[in-house]
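Me: I have just opened this structure and would like a friendly tour. Could we take it one question at a time?

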Amino acid sequence: MTRSIDPEDFDRFTAEDLRRRIRREGDGESETREYGDHLLNPDFVQLMERSEARDAAVLIPVVDRDDGGSVILTTRAAQMRKHSGQIAFPGGSIDPEDASPEAAAMREAHEEVALEPGFVEPIGRLPRYMTATGFRITPVVAIVRPGFMLAANPAEVDDVFEVPLGFLMREANHRQESREWQGKLRHYYVMPFGERFIWGVTAGIIRTLYERYYR
């Protein structure tokens, strides 16, 4: 599918430009500041229980398209026990046999949407992202070479699609909303894209990418 893009924006939102930004600024592996749901919700006391947090990894797959980078996202299957129907990055828990967060993120991407690791080049990590549901997520940024074929695993994914990196990295497309969760008012980012509604942890990780490299 051909996507129109402002010529002035093209160089800012390519996969190669993102690579340059990460090389220049460094990745978030050694970042001391912790990102997460608690930045908008400082009363989330469960985020303080670091020893109980479960380690997970997600892949931020930026496809090197001719008309600008695009990010692969999924819609979680409706029958999933947690976060069903929500838009998410490919990813999941880091298993003992995973050699690294990169290995875990790429394994999960292959299991969920059949993204072959041979097309994926990890280029850096964002700072770990703490969630109110007890996960400590390492977001792995990667450039994906075109030519891959995707197929959603129906047990985990209802849909897989791409969103232009230029859309996600514009602050004008980020807004904050609130809703009651477990008796408390929770604040979070949302990034509506057409009929799709990106919010919660996924939007928070996208916001982290924006704050580190595009703000």
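What follows is a short conversation about this predicted model.

Me: How many helices and strands are in the protein, to start with?
Reply: Happy to begin there. The model is a predicted one, and its chain has 215 residues, of which 50% count as buried. Among contacts with a separation of 6 or more, 68% are between residues 24 or more positions apart. As for the elements themselves, the protein has 5 helices and 12 strands.

Me: How much accessible surface does the protein have?
Reply: Carbon and sulfur atoms account for 48% of the accessible surface. The total comes to about 10,600 Å².

Me: In the largest nonpolar core, which residues touch the most other members?
Reply: This core has 36 residues. Helix 2, strand 2, strand 3, strand 8, strand 9, helix 4, strand 11 and helix 5 each supply at least two of them. The two residues that touch the most other members are M169 and I198.

Me: And which helix gives the most to this core?
Reply: Several elements contribute at least two residues each, including helix 2 and helix 4. The one that gives the most, with 6 residues, is helix 5.

Me: How many residues are in the second, separate core?
Reply: Among the members of this second core are A57, A105, A142 and V157. Its number of residues is 17.

Me: Is L73 buried or exposed?
Reply: L73 lies in strand 3, and its contacts include I87, V160, F161, I198 and T202, leaving out residues up to four places away in sequence. I198 lists L73 among its own contacts too, along with others such as V163, Y189 and I206. Because its relative accessible area is 0%, under the 20% cut-off, L73 is buried.

Me: How far apart are the C-alpha atoms of L73 and F89?
Reply: L73 touches F89. Along the chain, the two residues are 16 residues apart. Their C-alpha atoms are separated by 5.1 Å.

Me: Why is helix 3 described as largely enclosed by the rest of the structure?
Reply: Helix 3 has 13 residues and reaches 18 Å from its first C-alpha to its last, close to the 18 Å expected. Its buried residues include P101, A105, M106 and V113, and what covers the buried residues includes strand 2, strand 6 and strand 9. Helix 3 is largely enclosed because the number of its 13 residues that are buried is 10.

Me: Which residue just after helix 3 takes a positive phi?
Reply: Most residues other than glycine have a negative phi. The residue in question has a positive phi of about 65° although it is not a glycine. It is found in the loop between helix 3 and strand 6, and it is partly exposed, with a relative accessible area of 26%. This residue is A114.

Me: Which residue takes a positive phi in the hairpin of strand 11 and strand 12?
Reply: Strand 11 and strand 12 pair in the antiparallel sense over 4 bridges, and V190 stands opposite W199 in strand 12. The hairpin has 2 residues between the strands. The residue there with a positive phi near 60° is G194.

Me: How many residues apart are R136 and D55, the pair that links distant parts of the chain?
Reply: The side chains of R136 and D55 meet in a salt bridge, with N to O at 2.7 Å. R136 lies in strand 8 and D55 in strand 2. R136 counts as buried at 13% relative accessibility, whereas D55 is partly exposed at 36%. Along the chain, the pair is 81 residues apart.

Me: Which residues do salt bridges that share partners join into one network?
Reply: One salt bridge in this network is between the side chains of D95 and R107, at 3.3 Å, N to O. D95 lies in the loop between strand 5 and helix 3, while R107 is in helix 3. D95 is partly exposed, with a relative accessible area of 27%. The network joins D95, D98, R107, E108 and E111.

Me: How many salt bridges does the structure hold?
Reply: One of them is formed by E25 with R24, the closest N and O atoms being 3.4 Å apart. E25 counts as partly exposed at 48% relative accessibility, whereas R24 is exposed at 55%. The structure holds 17 salt bridges.

How values were computed: Residues are numbered from 1 along each chain as its sequence is written. This is a predicted model: local features need pLDDT of at least 70, side-chain atom pairs count only at pLDDT 80 or more; totals for chains, interfaces and linings use all residues. Side-chain values use heavy atoms; hydrogens and water are left out. Two strands pair if DSSP finds at least two bridges between them. A nonpolar core is a set of buried Ala, Val, Leu, Ile, Met, Phe, Trp, Tyr and Cys residues joined through side-chain atoms within 4.5 Å. Buried means under 20% relative accessible area, exposed over 50%, partly exposed in between (1.4 Å probe, protein chains only). Contact means heavy atoms within 4.5 Å. Accessible areas come from the Shrake-Rupley method with a 1.4 Å probe; for residues, only the protein chains shown count as cover. A salt bridge is a side-chain nitrogen of Lys or Arg within 4 Å of a carboxyl oxygen of Asp or Glu. The expected span of a helix is 1.5 Å times one less than its number of residues.
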